[in-house]
Each structure stands twice: as C-alpha cells, then as structure tokens.
Amino acid sequence: MIQDPVQPRFRIKSGMTIVLQIVITIMTATPHWNFKDLILKEIKQNGGFVNAHAHIDRAFTITPDSLDIYRKHTLEEKWDLVDAVKDASEEVYYKRISQGLELMISQGVTAVGSFIDIDPIAEDRAAKAAVRAKNQYKSQIAVVLINQVLKGVIEPGARKWFDRAMEYVDIVGGLPKRDERDYGKGAEHIDILLSSAKKYGKMAHIHVDQFNTQKDKETELLADKTIEHGMQGRVVAVHSISLASHPQEYREKVYAKLKKAEVMVIGCPTAWIDAPRHEELQPFHNALTPVDELVKHGITVAIGSDNIADYMLPFTDGDMWNELKLMAIGNRFMNLDELVKIATVNGRKVLGLSS
Ligand SMILES: [Zn+2]
C-alpha cells in the first residue's frame, strides 16, 4: 500500500487543533457552581450536620398496609393511632433507633436530638432502648434525648410517665396542643414542662404552631411563658409554622418577644410542607418555619428531619441535605453562611451541646 506523504502531517495538525479547542472551551466555559458541594463542604468544616429534631423511636414503621392511616387521619387522630407501633419491645425499639442513628451517621450527621415516646403506652421501653443506643454510638454521634408526651401531661397516668421520663432524658419535651385539645389546658401544659425543666436544670423543646392557621398563637404563648418562668435562653420552639400564616404586624410582635425571651426555633421543612389545603385566607407563604424573617430578627434557627418513614410522615427519608434545600428554596433564603450555621453550630446550641 502506498503511503500518502501528506497524511501524517495532517494527523499531527488535527491532534493539536483538538487539544487547543479543548483548552479554549475550558477557559471560556461558564463556571458551574454546585451549591450542594459548596454547602456540604462548609458543613463538614463546621463539625458536620446536626439533626436537631427527630422521632427515631418510631422510624421505619410505615408499611404499604398502614399508609391509609396517613391518608385518612389528621395529626391529632394519629397521636393515638400510633399506639399500634408503640406496643413494641425494648429490643424492637433498639433496632429502630440504631437504624435511625446509622442513617444519620452515613450522611455525616455528628449530633442528633430525638424525641422518644415515654407515656402510658410506650412506658419506658423506648427510653431504655434509646439510652443503650446513645451509649453504643457515642463515639460516632452525640445523641440528645427528649421525652415526647403524646398523651399530654394533665391526665394523671400521662403525668406519671412524664415525671418518670426525667431520669432518662437530657431535655424536657412538650406538645401543648394535646392538652389544649383535650382539656383546654395548653398553657398549663407549658407551665408543667418549664417548671420541671427548671427543677432538673434541663432545657425544654416544645412543639408549637403546627397547623398553619391563624387560630394558633402558641409561639407567642411560649415566649411569654419562658419569661414568666425565667427560662430565657433555655427554651426551643419546634416548628412555629402557623406564625407564618399571621399578618406581618403580628409576626413582628412575636419575633420581638422571641428575641427578648431568647427562645430558639427548629424548623423541619418536609414535616409541614404537606399541610392540608384549607379555605382560611392568609398572607401568602409556604407551610414552613419562616426562617428568613427569624434570622433577620436575630433568632437562632436550627434544622431537623422530624419523623422518618412513619405514620406521621411516610415519605420522609431523613436526608438532611434535602431538608436544608427545602428550607432554603421554600423561604427564598439563600444566605449560604446562615444556612451552614443552621445545619451545624446552631443545632449544637439548641441541643445544649454548646453555648
Ligand atoms: Zn416532632
């Protein structure tokens, strides 16, 4: 075969041209910012993610058969319907909690605050399992335990288990709506929690303003009660969704009260983005903790996953990046430094792991 003398030179020229074209393309390409990589890197440098609010003792309890419970019932009805998964042995609780902690560790979460059911149904089986798991995993993740009071603290049987819970938990937990609904005693519920927290030298984390309605004014009540009990800097509001449904003038009043009472707030974005459609007219907002406004008013905000794959939130999977992303997008809140603080140092502060 006769070789074409021009061919080799052409090949060399073509190869150089290709290389040159690649260099030019790289140099002139629009820079691609990957905010996820950027924020996750900062989170790692700030000590890792903190999941400040979860219920890992009930994690992974939803099944296709029980999905109807989510579809057909309100949250208030589910406070009792979840009894079905609370009748578990300490061993079953231990497995659920361990699985939840491993899910957290796998994504670089270094501290978690979890409510644990301690009440006439769960008694102290979940608490005992949680204390075991806390010790088992302590070299990998700091676990802060908080008692959940699904049956309230007014009914004597429920109150007995609330008092017993104090020996197991690091932080006092509350749900005033339970006693408000049953007895009209939401304020008394908060009084009992804060009195106990003060007595035992613990912080308090309290579910408030969950229903995305102007009828809810629990965040304001919590700020007032915090000052009344002299618990400034020791109380954390979990959710405060309904705050966003009030007019601006009321919101501003509550932000000032939160600041004065040094109440901190934990937002759990996926937890209430499924707020049911209703006909109440409200200022337009997404069903999320109003993080943009809270941060602007100097209030410490942290983030939690809340329930993971259970009757309350079947599709939630405990992915902390997804939670942070929804918090940012749903509030149009793109302050990167503050988002990193929310995911890290603020979480440690609300859990009492740092001052
Ligand atoms: Zn919760």
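The following dialogue examines how terms such as buried, oblique and core apply to this predicted model.

Student: How many helices and strands does the protein have, and what share of its residues counts as buried?

Tutor: The protein has 17 helices and eight strands. Of its 355 residues, 49% count as buried. The C-alpha atoms fill a box of roughly 100 × 50 × 40 Å along the principal axes.

Student: Why is Ile 154 called buried?

Tutor: Burial requires 20 or more other C-beta atoms within 10 Å. Ile 154 has 20 C-beta neighbours inside 10 Å, and therefore counts as buried. Ile 154 is found in the loop between S3 and H8.

Student: Which residues is Ile 154 in contact with, leaving aside its neighbours within four places in sequence?

Tutor: The contacts of Ile 154 are Arg 159, Asp 179, Tyr 183, Lys 185, Glu 188 and His 189. In addition, the C-alpha atoms of Ile 154 and Gly 186 are separated by 9.5 Å, although these two residues are 32 apart along the chain.

Student: What makes H9 and H10 oblique to each other?

Tutor: Their axes cross at roughly 140° and come within 7 Å. An angle must be over 145 degrees to count as roughly antiparallel, and 65 to 115 counts as roughly perpendicular. The value of roughly 140° belongs to neither class, and H9 and H10 are therefore oblique. The crossing is right-handed. The contact involves Pro 176, Lys 177, Asp 179 and Glu 180 of H9, together with Gly 186, Glu 188, His 189 and Ile 190 of H10.

Student: Why is H6 called oblique to H7?

Tutor: The axes of H6 and H7 come within 8 Å and cross at roughly 45°. Roughly parallel helices need an angle under 35 degrees, and roughly perpendicular ones 65 to 115. The angle of roughly 45° fits neither range, so H6 is oblique to H7. H6 passes H7 in a right-handed crossing. On the H6 side the contact is made by Glu 90, Tyr 93, Tyr 94, Ile 97, Ser 98 and Leu 101, and residues of H7 in the contact include Arg 125, Ala 126 and Ala 133.

Student: How do you know that the length of H10 is close to the expected span?

Tutor: H10 has 15 residues and reaches 21 Å from its first C-alpha to its last, against 21 Å expected at 1.5 Å a residue. Helix H7, with 12 residues, reaches 17 Å, close to the 16 Å expected. Just after H10, Gly 201 takes a positive phi of about 65°.

Student: What do the buried residues of H7 and H10 pack against?

Tutor: In H7, the buried residues include Arg 125, Ala 129 and Lys 134. The buried residues of H7 pack against H6, strand S2, strand S3 and helix H8. In H10, Gly 186, His 189, Ile 190, Ile 192, Leu 193, Leu 194 and Ala 197 are buried. Those residues pack against strand S4, H9, strand S5 and helix H11.

Student: Which residues have the most contacts inside the largest nonpolar core, and which helix gives the most to it?

Tutor: This core has 103 residues, and Ala 204 and Val 236 have the most contacts inside it. Helix H6 gives the most to this core, with six residues. Not counting residues up to four places away in sequence, Ala 204 touches, among others, Leu 193, Leu 194 and Ala 197, which are also buried residues of H10.

Notes:
Residues numbered from 1 in each chain as written. Predicted model: local features only at pLDDT ≥ 70, side-chain atom pairs only at ≥ 80, totals over all residues. Core = buried A, V, L, I, M, F, W, Y, C linked by C-beta atoms within 7 Å. Buried ≥ 20, exposed ≤ 12 C-beta atoms within 10 Å, placed from the backbone. Helix = DSSP H or I, 4+ residues; strand = E, 2+ residues; numbered from the N terminus. Contact = placed C-beta atoms within 7 Å. Expected span 1.5 Å × (residues − 1). Axes fitted to C-alpha atoms, helices over the stretch in contact; angles between N-to-C directions. Left-handed = near helix turned anticlockwise from the far one by under 90°.
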